Amino acid sequence: MDVRAQVAMVFHLDKCIGCHTCSVACKNVWTDRPGAEYMWWNNVETKPGTGYPTLWEDQLNYRGGWELTGRRDLRLRCQTKASSFLKLFYNPNQPGLDDYYEPWTYRYQDLFDADAGDDQPTAVPVSQITGEVIDIKAGPNWDDDLSGSPIYAENDPNLKQLTEDERRMLFEIENIAMMYLPRICNHCANPSCVASCPSGALYKRGEDGIVLINQDKCRGWRACVSACPYKKIYYNWKTGKSEKCILCYPRVETGQPPACFHACVGRIRYMGVLLYDADRIEEAMKAPEASLVEAQRNVLLDPNDPDVIRGAAESGVSEAFVSVAQRSPVYRYVKEWELALPLHPEFRTMPMLYYVPPLLPISGRMGDGIYEHSADQFFSHLDKARLPLRYLAALFSAGNEDIVRTVMKKQMAVRYFKRAQDVDDIDPEQVKRVLREAHLTAEQAETIYTLTALGSLENRYVMPPIQREEAIEGAGGPGCSPELCKGTCGLGAVQPPRRGA
Amino acid sequence: MVNSFFFVGLPYIALFSLVAGSLYRFKSERFSYSALSSQFLESKKLLWGSVPWHAGIMIVFVGHLIPFLLPGLWQSLTSQPAFVITVELLGVAAAFTALVGLVVLFVRRILSRHIQSVTTPVDLVVLALLIVQILIGIQTAAGHRWGSMWSVQTTTPYLWSVLTLQPDLNHVDSLPPTVKLHIAVAWIIIMLVPFSRLVHAFSLPIQYLWRAPQQVIWTNARRIRHIAPVIRKAEESRRLFLKGALGLGTAGGLLTVGVMDKLVRFFSGPNMTPEEQAALLQKRLERLEMTAEERDLELERMRNDYIFVANLKELSPNDGKYFIDYQMRPALAYRDTEGFPLLISAKCTHLGCTVASSVDASGRILCPCHISYFDLKTGMPQPGSPATKPLPLLGWALMDTQGNILVSQAPDGRREGEVPADKLDASMVYIAKRYEETV
């Protein structure tokens with residue numbers, strides 16, 4: 001058993017209102033620089049929709065993630081070690097500017113310098129790459145709220161799973177359903193970007209599992225850009241280096257949640273430590289698609305199990321980390337309640353960002369907006385949902401509808417349970433029956449409700465400990481200082497990121 | 001003077017710049033080492049620029065490197081005209097490919113607004129120099145043919161003389177101006193490497209071929225503990241090796257002891273007690289007796305025209321009597337329903353076992369080895385038996401007590417002579433040599 005700690009995340013999609021505050025917070029902190037304008041380490045997509053970069057989920061085009069070969073070998077979809085050398089000169093799977101958008105700003109000075117006239121002066125958009133006036137054709141969330149549009153939503157690769165009928169129903173006027181999908185780097189446990197990097201610049205931090213790029217080692221070969229199936233690595237066209245979400249590690253190291261977490265208006269985000277067994281990852285990632293979610297859950301370890309605590313000590317995970325893991329909200333959502341699911345587990349990277357699928361667009365199919373409340377038919381309208389379960393299964397469980405249905409039942413049961421408490425218009429026997437069918441106890445339903453609806457800052461973000469003593473220990477002893485072994489002191493670039501000649 | 005600047009001074013400036021400049025840049029400005037790809041901004045023209053350029057220049061570069069590093073081998077190879085023509089053609093083709101790529105890259109850099117925003121003056125200088133250099137190279141290949149042959153006597157010793165710090169201008173003095181220009185531009189390009197994007201050539205990620213797919217870096221104590229398992233693993237494998245070696249050694253030792261024992265015994269001869277010797281001699285005697293008996297039987301069959309089988313009255317129709325026929329094979333003798341003898345070979349036609357003597361209710365005899373039933377009257381095997389050929393019937397002769405042949409029968413069933421029924425019981429059955437010869 002090789003116990004490792006991972007700072008993991010849960011996004012509760014039922015609470016996401018699609019306000020993009022997270023994206024703006026991230027942009028202002030990290031990517032407001034030349035060459036990084038087009039990067040959205042955090043972005044919020046409307047689903048069904050094509051996402052950012054356009055059609056990032058289409059791995060036939062971008063060839064990201066891992067694939068299982070006939071002989072049950074896990075290999076990168078984008079390259080072999082030999083072919084990676086050919087792709088140094090030209091990578092056919094790298095997304096280009098057209099797949100993102102041309103970043104722009106406005107010439108605000110025009111507002112001041114304009115001659116007096118009858119019309120209001122306007123600030124014309126100019127490209128942030130060339131400085132020329134451009135006609136804006138696309139943006140980072142260009143298909144925001146555009147579910148049902150034939151040029152965006154209908155091209156969503158996940159819709160391939162639906163029947164013709166289901167698709168038509170989904171996009172019918174007055175029946176259109178949609179959901180928001182905020183995305184950041186998943187800080188995967190089996191990252192394909194790390195495996196693809198020819199220079200060895202990408203690495204996973206041992207202590208907390210954050211995936212980072214050593215900017216001094218990166219040579220701009222761009223293999224990671226196509227290897228990441230979530231397209232969460234961006235190439236800085238100015239510095240010639242790749243960049244990605246760093247999970248605000250300078251904040252995390254000082255006990256603060258990342259900027260996007262902190263800014264989240266809907267309080268949809270949870271952060272906590274997960275313990276997992278690194279020895280079991282490879283086998284789990286070779287599971288058949290339908291059982292990938294289950295296989296991934298099995299890699300996660302129970303932080304209260306004495307064997308795991310002993311294993312953690314042997315593997316060098318500190319007591320402080322274990323005690324944080326024991327209070328982790330992420331562990332509860334992912335493993336204890338099995339409510340949170342990985343995004344596209346079929347990419348086989350074992351993402352460490354989990355999503356609670358949204359219940360609201362699921363319900364609401366019944367006439368006049370009144371939901372069925374009798375216990376007999378309580379769960380039956382799951383299968384008549386506006387946003388078909390099969391669509392959610394394509395997103396969160398590699399097509400296994402049973403897993404999504406179970407999650408939905410639990411969420412519905414919690415609501416039913418709370419309605420019985422607060423409105424008191426339901427027979428308690430029926431509540432018990434619904435809870436039983438959803439495999440929940442009343443106590444569990446209560447805690448799910450509390451953490452979901454009332455979670456305080458301390459409960460939502462159970463941050464890993466600040467381990468200054470370890471950094472000091474490393475600097476002095478036979479280990480190595482952060483600057484030496486990671487190429488960074490944790491305070492950002494030591495030199496200004498100047499482009500090479 | 002000009003010569004000594006371009007072929008002695010410039011080379012040392014260029015080499016110093018290459019080594020010191022690249023190292024300094026790596027030490028102090030490591031961030032600036034990058035391939036500086038612009039595929040993100042423009043990819044269609046890049047495909048037709050970058051790929052042919054890199055493919056072409058790598059072939060050309062290797063072609064320039066081998067005569068310099070392995071002049072002996074190269075000279076022996078270029079003594080074959082076919083090799084020279086192939087190499088020159090390949091080189092020129094690669095040079096044209098690289099040229100096409102460069103021109104596309106240059107045009108792309110000039111025309112695309114997006115690429116312009118990431119273009120530095122040095123980029124353009126390097127691109128222009130490379131285009132010029134390739135043009136001069138092609139001109140050299142066309143105007144001063146078979147450079148693959150003459151370079152070994154001229155440029156190779158010149159380069160070595162520069163590298164070994166004993167610059168010798170004699171090798172290049174007499175070269176045509178085109179070639180001299182080619183060499184001078186090469187030194188300028190080398191000089192510019194650390195100041196341009198050309199440094200990315202040093203970043204060729206060879207280590208990717210053998211590194212593990214996942215990289216995890218610890219700063220805390222885990223880092224040290226992480227190394228511990230590696231050491232433990234090494235210790236473990238050493239222990240395993242020792243164990244294995246010990247096991248193999250023991251097995252080998254035992255084997256040697258056994259072999260030595262046998263060898264010693266073989267050469268020193270057996271060492272037996274009197275009882276063992278007696279038992280051994282007894283066995284040998286028995287074997288000799290058996291052989292003698294066999295020889296007797298053979299002799300008897302060689303000398304006599306008739307061999308006694310049995311008295312007719314001893315034979316029964318149900319249980320045969322074994323005897324040995326003229327060919328030393330087992331055979332069986334019965335008495336048929338008419339009272340005459342019936343002789344049949346007992347060597348199964350399948351794999352040669354001896355057939356059992358008793359006759360079952362349907363008149364068959366059985367070979368017990370693989371269950372072949374044979375019809376006693378005809379010798380035919382029962383269909384489905386392993387044996388497919390019939391057991392041959394044997395001829396016989398009946399004699400009275402005085403030795404007169406009363407009646408005889410050939411294997412095919414022809415019978416000669418008559419015998420009164422009362423004399424039948426007293427007659428004796430013989431096999432006859434003449435029938436064997438006809439079989």
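Me: Two strands count as paired if DSSP finds at least two bridges between them. What joins strand S10 of chain A to S11(A), and in which direction do they run?

Reply: This is a predicted model, in which local features need pLDDT of at least 70 and side-chain atom pairs count only at pLDDT 80 or more, while totals for chains, interfaces and linings use all residues. Residues are numbered from 1 along each chain as its sequence is written, and chains are lettered from A and ligands numbered from 1 in the order in which they are written. Strands (E, at least two residues) and helices (H or I, at least four) are DSSP runs, numbered from the N terminus. Between S10(A), residues 233-236, and S11(A) there are 4 bridges, and the strands run antiparallel; 4 bridges satisfy the requirement of at least two, so the strands pair. A:Ile233 has A:Lys244 as its bridge partner in S11(A). The hairpin has 4 residues between its strands, and A:Gly240 takes a positive phi near 70° there.

Me: How do you know whether the residues of S11(A) are buried or exposed?

Reply: A residue is buried if 20 or more other C-beta atoms, placed from the backbone, lie within 10 Å of its own, exposed if 12 or fewer, and partly exposed in between. A:Lys241 and A:Glu243 point one way from S11(A), A:Ser242 and A:Lys244 the other way, and all are buried. Each therefore meets the condition of 20 or more.

Me: Which strands form the open sheet that includes S1(B), and what leaves some of them with a free side?

Reply: The order is S9(A)-S8(A)-S1(B), with mixed pairing. S9(A) (211-213) and S1(B) (216-217) stand at the edges with a single partner strand each, so one side of each has no neighbour in the sheet. S8(A), residues 202-205, runs parallel to S1(B) and is joined to S1(B) by 2 bridges. A:Lys204 stands opposite B:Val216.

Me: Why are H6(B) and H10(B) called roughly antiparallel?

Reply: H6(B) (residues 121-143) and H10(B) (residues 177-192) pack at about 155°, with axes 9 Å apart. Angles over 145 degrees count as roughly antiparallel, under 35 as roughly parallel, 65 to 115 as roughly perpendicular and the rest as oblique; H6(B) is therefore roughly antiparallel to H10(B).

Me: How many residues does each chain bring to the contact, and which element of chain B supplies the largest share?

Reply: Chain B brings 46 residues and chain A 50, where contact requires C-beta atoms, placed from the backbone, within 7 Å. The largest share on the side of chain B, 5 residues, comes from H2(B).

Note on methods: Axes are lines fitted to C-alpha atoms, for helices over the stretch in contact, and angles run from 0 to 180 degrees between N-to-C directions. Two residues are in contact if their C-beta atoms, placed from the backbone, lie within 7 Å.
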